[in-house]
There are 2 protein chains.
Amino acid sequence: MLSNYSTADKVLLALDCIIFGFDQHQLKILLIKRDFEPEKGKWSLIGGFLKSSETLDEAANRILQHLSGLDDIYLEQLYTFSEIDRDPAERTLSTAYYALINSEDHQQLADGAYKAQWFNVKEAPVLIFDHAEMVAKAILRLRRRAITKPLGFELLPEKFTMLQLQKLYEAILDLELDKRNFINKVNALDILIKLDEKDMTSSRKGSFLYKFDKEKYDQKIEEGFTFKI
Amino acid sequence: MLSNYSTADKVLLALDCIIFGFDQHQLKILLIKRDFEPEKGKWSLIGGFLKSSETLDEAANRILQHLSGLDDIYLEQLYTFSEIDRDPAERTLSTAYYALINSEDHQQLADGAYKAQWFNVKEAPVLIFDHAEMVAKAILRLRRRAITKPLGFELLPEKFTMLQLQKLYEAILDLELDKRNFINKVNALDILIKLDEKDMTSSRKGSFLYKFDKEKYDQKIEEGFTFKI
DNA sequence: TAATTTAAGTGTTTAAATTACATTTAACAA
DNA sequence: TTGTTAAATGTAATTTAAACACTTAAATTA
């Protein structure tokens, strides 16, 4: 290691967010039309530059907050992209984060500071720079995480039906699941609260609503429980 | 996103490497005594600053190359650390990489450009800055990766015995494995070449040496094979 | 050269987890 | 009251993982 801090190069560090949402059947990402050069008018992830007074986590939260007014969003650092010419305007690195947005907050986001639009992950438009690579990596990461952490719940409203939960996992994992096996598995985890309420919009019989029991989950984790779906 | 590149802050970006090795029974990491301020004389990961003319992968390779003369080392980006005061000298971010070093190259490394020393991961000394956190994260990542990618082989000499392979996995996963079950599992993967040669140093009978069959592995991956140990 | 020593090499049985699969029930509508 | 629709439910079969102990090869020594 060279000992000299003062001779080391400084670089521009951007931060881009892959914002996931879920809308009944499909996993979505939120994109904006870039409103400045280069690549003005093209679809892009939501992003910004890191300030030297903040951490990356803080920058990610700031950017999401500015976009949406939303606090307390699930965020996870993904990877730092550093190809020399990834941004044609100037040498810029970018640390990608992914965020999981509760369906109830979708509208708030699309109406926020940017003309943002939700796209099915499978039907996303061409993106600027290396943003497509970021999205691909985020999907893989989400897929892996969702199996061993109850991340999914971040993407659902507070109250949800079993079928919604199943459809969500099917969308994340991009496969079909057997209804009975799925319910048996979820029930075996014993981290849901079954409410007395029913969602009557989908059928005559109505389907029971559930809530994620965070306290119970956290306690189980303490006791060495390993979530696995 | 603010449209103005020119008003954005630039930052110092360091790169630190968690270098893993394996020595018969224990998973090791390579550390150096830092030879400049701050924290001069304390144990540290091997690192350096990113140059604006190179990618992070290139910087990681350069730093390892300078340290060891070794090329073609397994490297993977881990995480970018950005706590404000992580380096007391100056606001510095650091992207951590981890590397897997073949036992045959161990000596070359310790004799290289630095007074480097191998430590059992369980008996590592106090490290500067947030390096302990980096190491902890690297171990978790390695553990997860080793289960679904044949990374382990990067840590072994070209020819190895089944027992060495088992001990390696035991060291990475930090648990004991059953000899017969392990061998059955590895044989079922069908990605090793059994040589006619024996290692006679460990017993009278001698134990057969094996090589990892990269071609076969790559071909199986193409065909949708999923490695799982 | 026969007997001893030492680690290597080898299969089977049991338990657990996963997968496949079809009928009944609740609520409303006709 | 009957029909319709999606919700709710359990078991058997298969696959995978875990537990477990004796035989063999080669060098050493008596």
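This tour moves from the protein surface beside one DNA strand to several helices and strands of chain B, in a predicted model.

**The surface near DNA strand C**

Begin by selecting DNA strand C, which 19 residues surround. The closest of them are A:R204, A:K205, B:R180, B:S203 and B:S207. Next, colour the elements that give two or more residues to this surface: from chain A, α5 (179-189), and from chain B, α4 (162-173), α5 (179-189) and β10 (207-212). The largest share, 5 residues, is supplied by α5(B). Colouring by class shows 8 charged, 7 polar and 4 nonpolar residues on the surface near DNA strand C.

**The sheet that contains β10(B)**

From β10(B), extend the selection to the open sheet of 3 strands in chain B, whose order is β8-β10-β9 and whose pairing is antiparallel. The edges are taken by β8 (160-161) and β9 (192-199); each has a single partner strand, so one side of each is left without a neighbour in the sheet. Between β9(B) and β10(B) the antiparallel pairing runs over 5 bridges. To view one such position, select B:K198, which stands opposite B:F208 of β10(B).

**Strand β2(B) and its partners**

Now select residues 26-33 of chain B, strand β2. This strand is mostly covered, with 6 of its 8 residues buried. Its pairings can be visited one at a time:

- Strand β1 (residues 10-23) of chain B pairs with β2(B) in the antiparallel sense over 4 bridges. Select B:F22 to find its bridge partner, B:L27, in β2(B). The hairpin of β1(B) and β2(B) has 2 residues between the strands, and in this hairpin B:Q24 takes a positive phi near 70°.
- Strand β7 (residues 116-120) of chain B pairs with β2(B) over 5 bridges, in the antiparallel sense. Here B:I29 has B:F119 of β7(B) as its bridge partner.
- Strand β3 (residues 43-44) of chain B pairs with β2(B) over 2 bridges, again antiparallel. The residue to select is B:I32, whose bridge partner in β3(B) is B:S44.

**Helix α1(B)**

Finally, select residues 56-68 of chain B, helix α1. What distance separates its end C-alpha atoms? They are 18 Å apart, which agrees with the 18 Å that 13 residues should span at 1.5 Å a residue. The buried residues in α1(B) are B:L56, B:A59, B:A60, B:N61, B:I63, B:L64, B:L67 and B:S68. The tour ends at B:G69, which follows α1(B) and has a positive phi, near 75°.

How values were computed:
Residues numbered from 1 in each chain as written. Chains lettered and ligands numbered in written order. Predicted model: local features only at pLDDT ≥ 70, side-chain atom pairs only at ≥ 80, totals over all residues. Near = placed C-beta within 6 Å. Nonpolar A, V, L, I, M, F, W, Y, C, P; charged D, E, K, R; others polar. Expected span 1.5 Å × (residues − 1). Buried ≥ 20, exposed ≤ 12 C-beta atoms within 10 Å, placed from the backbone. Pairing = 2+ DSSP bridges.
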